[in-house]
Amino acid sequence: MIHKSNQAYDPLILPNSFDHEAYKSEKKMNIGYVVCDKEIGADKASKRAVTEAAEALKKKGHKLVEIQLPYLEDVIYNFLKLMVAEGKSRGLVHVLDGEKPMPDVKQGIDMQNLPLPVLKLFGVVTWIIGE
């Protein structure tokens with residue numbers, strides 16, 4: 001059951017209760033799952049967790065279909081814009097809470113931590129070449 005106090009933190013959570021009947025149902029389900037996307041990828045632990053959960057559901061008789069996501073450039077671009085909006089990737093680094101970021105994300109963090117003159121030069125160069 002979703003606790004009402006969760007709505008204090010996220011007003012988008014609908015006040016629905018847990019469906020015990022559906023949980024106890026013996027009906028076999030078709031379930032789509034995503035291991036990782038092609039743009040950023042996922043760390044080994046996340047891939048393993050999804051794969052193990054999918055295998056457990058298959059053993060219970062459910063039909064699982066791995067879904068390959070389409071190219072999500074706009075979603076990734078907007079996510080990164082939000083995460084670095086404070087500058088120096090503070091939003092992203094704060095969320096990591098000391099964890100080591102994945103290599104693909106670390107590259108973006110390192111780029112944000114370049115000295116300001118280098119960032120400005122990089123901005124001019126990319127503006128000139130149109131990238």
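**A walk from helix α3 to a pocket**

Let's start with helix α3, which covers residues 44–59: its 16 residues reach 22 Å from the first C-alpha to the last, close to the 22 Å expected at 1.5 Å a residue. Keep in mind as you look around that this is a predicted model.

Now zoom out for a moment. The protein chain has 7 helices and 2 strands. Read from the N terminus on, the elements go α-α-β-α-β-α-α-α-α. Of the 131 residues in the chain, buried ones make up 11%. What about contacts between residues with a separation of 6 or more? Residues 24 or more positions apart account for 54% of those.

Back to helix α3, where you'll find V50. Is V50 buried or partly exposed? Its relative accessible area is 27%, and because the buried class stops at under 20%, V50 counts as partly exposed. Who does V50 meet, once you set aside its neighbours within four places in sequence? It is in contact with Y33, V34 and V35. Take V35 from that list: V35 and V50 are 15 residues apart along the chain, yet their C-alpha atoms are separated by 6.1 Å.

Next, follow the chain out of the helix. Just after α3 comes G61, which takes a positive phi of about 100°. Then look at H62, which sits in the loop between α3 and β2, the strand at 63–66. H62 has a relative accessibility of 14%, and since anything under 20% is called buried, H62 counts as buried. Which residues does H62 touch, leaving out those up to four places away in sequence? They are K27, K28, M29, I31 and L57. With M29 there is also a polar contact to look for: the side chain of H62 reaches the backbone nitrogen of M29 at 3.0 Å.

H62 also brings us to the last stop, the second largest pocket, because H62 is one of the residues with an atom within 4 Å of a pocket point. This pocket has a volume of about 240 Å³. Its lining is made of A22, Y23, K24, S25, E26, K27, K28, M29, I31, L57, K60 and H62. Which helix gives the most to this lining? That's α2, residues 20–24, with 3 residues. Sorted by class, the lining has 5 nonpolar, 2 polar and 5 charged residues. Some names should ring a bell: K27, K28, M29, I31 and L57, the residues touched by H62, are among those that line the pocket.

How values were computed. Residues are numbered from 1 along each chain as its sequence is written. This is a predicted model: local features need pLDDT of at least 70, side-chain atom pairs count only at pLDDT 80 or more; totals for chains, interfaces and linings use all residues. Side-chain values use heavy atoms; hydrogens and water are left out. On a 1 Å grid over the protein atoms alone, a cavity is a set of points where a 1.4 Å probe fits but cannot get out, and a pocket is an open set with protein on both sides within 12 Å along at least five of seven lines; lining residues have an atom within 4 Å of a point. Grid points are joined across faces, edges and corners, and a volume is the space filled by probe spheres set on the points. Helices (H or I, at least four residues) and strands (E, at least two) are DSSP runs, numbered from the N terminus. Ala, Val, Leu, Ile, Met, Phe, Trp, Tyr, Cys and Pro count as nonpolar, Asp, Glu, Lys and Arg as charged, and the others, Gly among them, as polar. The expected span of a helix is 1.5 Å times one less than its number of residues. Buried means under 20% relative accessible area, exposed over 50%, partly exposed in between (1.4 Å probe, protein chains only). A polar contact is a pair of N or O atoms within 3.5 Å; within protein, one must be able to donate a hydrogen and the other to accept it, and residues adjacent in sequence count only if both atoms are side-chain atoms. Contact means heavy atoms within 4.5 Å.
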